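Okay, thanks everyone, let's get going. I'll put the model up and then walk you through a few spots in it.

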Amino acid sequence: MAQTLTVLGLESSCDDTAAAVVQQSGVDRAEILSSIVYGQTELHSAYGGVVPELAARAHAEKLDQCVRDALAGADLTLAELDAVAVTAGPGLIGGVMSGVMCAKGICAATGLPLVGINHLAGHALTPRLTDAISFPYLMLLVSGGHCQYLLVRSPDDFTRLGGTIDDAPGEAFDKTARLLGLPQPGGPAVQAEAITGDPRRFRFPRPLLDRDDCNLSFSGLKTALLRQRDQIVAEKNGITRQDRADMCAGFQAAVADVLAEKTRRALRIYLAEGPSEITLAVAGGVAANTAIRGGLESVADEMGTRFLAPPLALCTDNAAMIAYAGIERFRDGACDGMDLAARPRWPLDNSSPALLGSGRKGAKA
């Protein structure tokens, strides 16, 4: 009988401090025994975005308590664990270091194996945690900092079909919210405002649809909204609530249309490989947007593809996905030493050219 593995996961790559315990027996579906997330929205709200130094300090202060709460929620002790998995990148380096150092301390004190996890792999493997789907599947990872189409063939085999060449959708939503005087995080704020808006009033561009590939761009879309806002202000000496709602609705519709069409193209590439079980999965905070999710579901239905979107709590940053990715890698024999380094950049697919360029710290994506 295959071994039962119980893994503690730690996540601190951005502004959520998280710890979770996940258990899996053999090939059975994994079970989340506990999942604790301490958010930092209130801490950063006055600054219009995440302040890296404040985030790192908050992680350092909260990680110990987060681990205690996760163990208590699972009714386990450290001695009953099989390994500790931790996000080792990519992310804000101060936060990633906080998590890695905490995990190293636990492993040094207990002798537990340490498994470093790519944060993006955690998102990409979430459909296996929630629905135990088979490889290969197509994953759209769409969040505040990342947007890419991935063919997921194994816990360590990811092929990027395309991605953003500038802003990620979540980043574009955040910037749009700031331009229109809406609170952060921008995604939920823009979606709430768009409910009463007319998406046809302002016809914003659909970038890169003239290119026959799976790459995306959202920076120009944000600039178009800025120009539209400034034009309305110049004409009216301000904008009304309805103006703002219509701009949010138009912006959201443009993002949804672009993602739907690029997903259609990515699915064609995926289907050409002849997978035995055809699945389109989406993960990341932007996957919670109902207009975007609805567009993706329509494309999946049109192309006869199963569509999977994890629950919201597992779309946004969490440690359950890190613990599960740790189970997958540990079961395959992966284990890291105390020299595990925190990495601000860590592409999942190192064989494809970097979309956003690279520098001394490596490729961005």
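Before I point at anything: when I say buried, I mean under 20% relative accessible area, and exposed means over 50%. And keep in mind that this is a predicted model.

So, start with Q40. Is it buried or exposed? With a relative accessible area of 5%, Q40 is under the 20% cut-off, so it counts as buried. It sits in the loop between β3, residues 31–39, and α1, residues 41–44. And what does Q40 touch, if we skip residues up to four places away in sequence? The list is D15, D16, T17, A55, A58 and H59.

For contrast, have a look at M101, over in helix α3, residues 93–110. M101 comes out at a relative accessible area of 53%, so that one is exposed, the cut-off being over 50%. If you want to place M101 relative to G39, the two are 62 residues apart in sequence, and their C-alphas are 20 Å apart in space.

Now back to T17, since it was on that contact list for Q40. T17's bridge partner in β3 is Y38. β2, residues 16–25, and β3 run antiparallel, with 8 bridges joining them. They make a hairpin with 5 residues in between, and G26 in that turn has a positive phi of about 60°. On its other pairing, β2 goes antiparallel with β1, residues 4–11, over 8 bridges. T6, for example, has Q23 in β2 as its bridge partner. That's a hairpin too, with 4 residues between β1 and β2. And how many of the residues in β2 are buried? It's 8 of 10, so call that strand mostly covered.

Next, the other sheet I wanted to show. This one is open, with 5 strands in the order β8-β7-β6-β9-β10, and the pairing is mixed. At the edges you have β8, residues 157–163, and β10, residues 306–308, each pairing on one side only. On average, neighbouring strands here are turned by 25° against each other, ignoring direction. Helix α10, residues 290–302, packs on this sheet and touches β6, β9 and β10, and its direction makes about 160° with that of β10. Zooming in on one pair, β6 (residues 137–142) and β7 (residues 147–154) are antiparallel over 6 bridges. Within that pair, Y137 stands opposite V152 in β7.

Last stop, two helices. α6, residues 169–179, and α9, residues 241–271, pack at an angle of about 170°, with their axes 12 Å apart. Over 145 degrees counts as roughly antiparallel, so that's what we call α6 and α9. Which residues meet there? From α6 it's P169, A172, F173 and T176, and from α9 it's F251, Q252 and V255. Sorted by type, the contact residues are 5 nonpolar, 2 polar and no charged.

There are 3 aromatic pairs in the structure. One of them is F173 with F251, edge-to-face, 5.1 Å centre to centre and with 85° between the planes. Because F173 is in α6 and F251 is in α9, the pair ties together parts that are 78 residues apart in sequence. Both F173 and F251 are buried, by the way.

Okay, that's my tour. Happy to go back to any of these on the screen.

Note on methods
Residues are numbered from 1 along each chain as its sequence is written. This is a predicted model: local features need pLDDT of at least 70, side-chain atom pairs count only at pLDDT 80 or more; totals for chains, interfaces and linings use all residues. Side-chain values use heavy atoms; hydrogens and water are left out. Buried means under 20% relative accessible area, exposed over 50%, partly exposed in between (1.4 Å probe, protein chains only). Contact means heavy atoms within 4.5 Å. Two strands pair if DSSP finds at least two bridges between them. Axes are lines fitted to C-alpha atoms, for helices over the stretch in contact, and angles run from 0 to 180 degrees between N-to-C directions. Angles under 35 degrees count as roughly parallel, over 145 as roughly antiparallel, 65 to 115 as roughly perpendicular and the rest as oblique. Ala, Val, Leu, Ile, Met, Phe, Trp, Tyr, Cys and Pro count as nonpolar, Asp, Glu, Lys and Arg as charged, and the others, Gly among them, as polar. Rings of Phe, Tyr and Trp (its six-membered ring) pair if their centres lie within 6.5 Å; planes under 30 degrees apart count as stacked, over 60 as edge-to-face and the rest as tilted.
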